[in-house]
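Visitor: I have a structure to look at and some questions about its helices. Can you take me through them?

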Amino acid sequence: MLIRDPKLKLSILDTVHVYENTTAEETLQNVTEMVQLAEELGYTRYWFTEHHNAPTMMSTSPEMLSMHAAAHTKKIRVGSGGVMLPNHGPLKVMENFSLLEGLYPGRIDLGIGRASGTDGKTMMALLRSKQLLVANDFPEQLDDLLSFFERSFDKTHPFSQIHTPGDKSIIPDLYILGASKGGLPFALDKGLGFVFAGHLAPQLTIPMLRAYKENFKPSQYLNEPKSMLAIIASTAETEEEAKYLAGPVELMWAQLITGKQEIRIHTPDEAQNHIFTLDEERAKEQNKDRFVIGNVGTVAEKLHQLATASLVDEIIVADFYPNQESRKKGHRLLAEELGLIQVKP
């Protein structure tokens, strides 16, 4: 039975995985194919993560990937999920996303992360400063970023004499990302959108998203709250196939939780044949709430339940399918099941 609910929007979060036996060039071609398909299927937005020192992920620069995605589509929103602000100067982030918004008005999102999302050495290579590694100055960074967008620095501020092209009308939609309790206060204080990573902290997902919706106050950025839930979803036509395709991401997370640092999407056969250690079995069981796995009807129903419980009208699916064909099929099935597109007879 198809679930037709125009109130529930779907979006995609892409980490740009380099699949087994796939080149870097092919991986980037996959991005073009996927964002165009997402637009065709009726997805609302297509976001890119920021990862560094992760050879099997090519999502190192969400702003450049967003530029590419916007250039190859016509209406779908694109952006970052997110730019990890501690890795960057607020001025440069503002300049990049002002350019994007100016080139593709009304289509650009800037999701802002509070953590670096990488290791200390890599962060130092990005920042070129040992001092900034321990600065912990996200509140100041966020204030600077918003002030650059608004052209609102106080005259006494050292940045007040920095003049950027354009004006404050060229601003993307702004979101704070959350994976703990730390992001919510910033979203509420500034009146920004809020996206919670349910696959990173499933036990906090519903409380944090409900608290945002219940405590939001209108701001110059938003008249009403705008929140999304991010979750790993893996679906197929049958329960058996969905579990087979989800094997690699379940294995990856089990190994991460038990201390293995390699982030890699294994092949489904590798995952199926993997002999789990006792610790990995425990981790796999504990990780169940990070994923929504099953045939398309089951997954659609679970997403509806999560959306209702967390008071959101949009789910952003974190894409951890093991290959290009399974992800295309999975996103298409879900779009059809939720009524984003009309199923052809």
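Guide: We will look at one helix, then one of its residues, then a pair of helices in this predicted model.

Visitor: How many residues of α6 are buried?
Guide: Helix α6 runs over residues 138–150, which makes 13 residues. Among the buried ones are F138, L142 and F149. The helix is largely enclosed by the rest of the structure, because the buried residues number 10 of the 13.

Visitor: What covers the buried residues of α6?
Guide: Both helices and strands take part. The cover includes the strands β4 (108–113) and β5 (173–178). It also includes the helices α3 (90–103) and α7 (184–190).

Visitor: Is Q141 buried or exposed?
Guide: Q141 sits in helix α6. Beyond its neighbours within four places in sequence, Q141 is in contact with L85, P86, H88 and P90. Buried means under 20% relative accessible area. Q141 has 9% relative accessibility, so it counts as buried.

Visitor: Are α9 and α11 roughly parallel or roughly perpendicular to each other?
Guide: Their axes lie 8 Å apart, and the helices pack at an angle of about 115 degrees. Angles of 65 to 115 degrees count as roughly perpendicular. So α9 and α11 are roughly perpendicular.

Visitor: How many residues of the contact of α9 with α11 are charged?
Guide: From α9, the residues E250, A254, Q255 and I257 take part, and they meet E280, A283 and K284 in α11. These divide into 3 nonpolar and 1 polar, and the charged ones number 3.

Terms used: Residues numbered from 1 in each chain as written. Predicted model: local features only at pLDDT ≥ 70, side-chain atom pairs only at ≥ 80, totals over all residues. Heavy atoms only, no water. Helix = DSSP H or I, 4+ residues; strand = E, 2+ residues; numbered from the N terminus. Expected span 1.5 Å × (residues − 1). Buried < 20%, exposed > 50% of the residue type's maximum accessible area, 1.4 Å probe, protein only. Contact = heavy atoms within 4.5 Å. Axes fitted to C-alpha atoms, helices over the stretch in contact; angles between N-to-C directions. Parallel < 35°, antiparallel > 145°, perpendicular 65-115°, else oblique. Nonpolar A, V, L, I, M, F, W, Y, C, P; charged D, E, K, R; others polar.
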